[in-house]
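This briefing is meant for someone meeting the structure for the first time. Please look over the sequence and the model before reading the points below.

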Amino acid sequence: MIHSDPPRINPLQDKTVVNGTKFTITCPYTPGVPADTMFTWRRERDGTTWHNQTLILEPVNYLLDDSQFTCIVHNTMTPTIGSVEEKRHNMTFKLTVWCKY
């Protein structure tokens, strides 16, 4: 019987960005088994989600984006016999937004 292994996210570092600019981050991960991986970014301030490996905030908004962000990766094994297995992993970083005066 083949078992699934979850994809793994490499550590994320906290980031700082200036209000009104563009911010981009790609979720750094190692594929699991199966290798097909789904991505979700979640902004913890309000629960907004994006479903891409790369998160793009443009323009960065101090009121919304000064928050923790979590990248969630998951894969699903659908065997011909047995139960579907879903495996996931997540990592969080803090985005600090500076106001420009």
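Two residues are in contact when heavy atoms of theirs lie within 4.5 Å of each other. With contact understood in this way, 64% of the contacts in the chain between residues at least 6 apart in sequence join residues at least 24 apart. The model is predicted, and its secondary structure comes to one helix and nine strands.

**Overall form**

- Read along the sequence, the elements of the chain follow the pattern β-β-β-β-β-β-β-α-β-β.
- The C-alpha atoms fill a box of roughly 60 × 20 × 15 Å when it is taken along the principal axes.
- The radius of gyration of the chain is 16 Å, whereas a compact globule of 101 residues would have a value near 13 Å.

**Surface and charge**

- Of the 101 residues in the chain, 33% are buried.
- The chain exposes about 6300 Å², and carbon and sulfur atoms supply 52% of that area.
- The chain carries 10 positive and 10 negative charges, and the mean positions of these two sets are 5 Å apart.

**Cysteines**

- The count of disulfides comes to one, and this link joins Cys27 to Cys71 with an S to S distance of 2.1 Å.
- Cys27 lies in the loop between strand S3 (23-26) and strand S4 (29-30), while Cys71 belongs to strand S8 (residues 67-77), so the disulfide ties together parts that are 44 residues apart in sequence.
- The link of Cys27 and Cys71 is left-handed, with -105 degrees about the S-S bond, and both of these cysteines are buried.
- Cys99, by contrast, counts as partly exposed because its relative accessibility is 34%, and the range for that class runs from 20% to 50%.

**Cis peptide bonds**

- As background, most peptide bonds are trans.
- Val33 and Pro34 are joined by a cis peptide bond with omega of about 0 degrees, and Pro34 has its place in the loop between S4 and strand S5 (38-43).
- The peptide bond from Glu58 to Pro59 is also cis, with omega near -5 degrees, and Pro59 is found in the loop between strand S7 (54-57) and helix H1 (62-65).

**Pro7 and its surroundings**

- Pro7 sits in the segment before strand S1 (8-9), and this residue counts as buried because its relative accessibility is 0%.
- When residues up to four places away in sequence are not counted, Pro7 touches Tyr29, Thr30, Pro31, Gly32, Thr37, Val73, His74, Asn75, Lys87 and His89.
- Pro7 and Glu85 are 78 residues apart along the chain, and their C-alpha atoms are separated by 13 Å.

**Glu44 and its surroundings**

- Glu44 is found in the loop between S5 and strand S6 (49-50), and this residue counts as partly exposed because its relative accessibility is 33%.
- Leaving aside residues up to four places away in sequence, Glu44 touches Ser67, Gln68 and Thr70.
- The C-alpha atoms of Glu44 and Val73 are separated by 16 Å, and these two residues lie 29 positions apart along the chain.

Key. Residues numbered from 1 in each chain as written. Predicted model: local features only at pLDDT ≥ 70, side-chain atom pairs only at ≥ 80, totals over all residues. Heavy atoms only, no water. Disulfide = S-S within 2.5 Å. Helix = DSSP H or I, 4+ residues; strand = E, 2+ residues; numbered from the N terminus. Buried < 20%, exposed > 50% of the residue type's maximum accessible area, 1.4 Å probe, protein only. Rg over C-alpha atoms; globule rule 2.2 N^0.38 Å. Areas by Shrake-Rupley, 256 points an atom, 1.4 Å probe, with all protein chains shown as cover. Lys, Arg positive; Asp, Glu negative; His and termini not counted. Charge placed at Lys NZ, Arg CZ, Asp CG, Glu CD.
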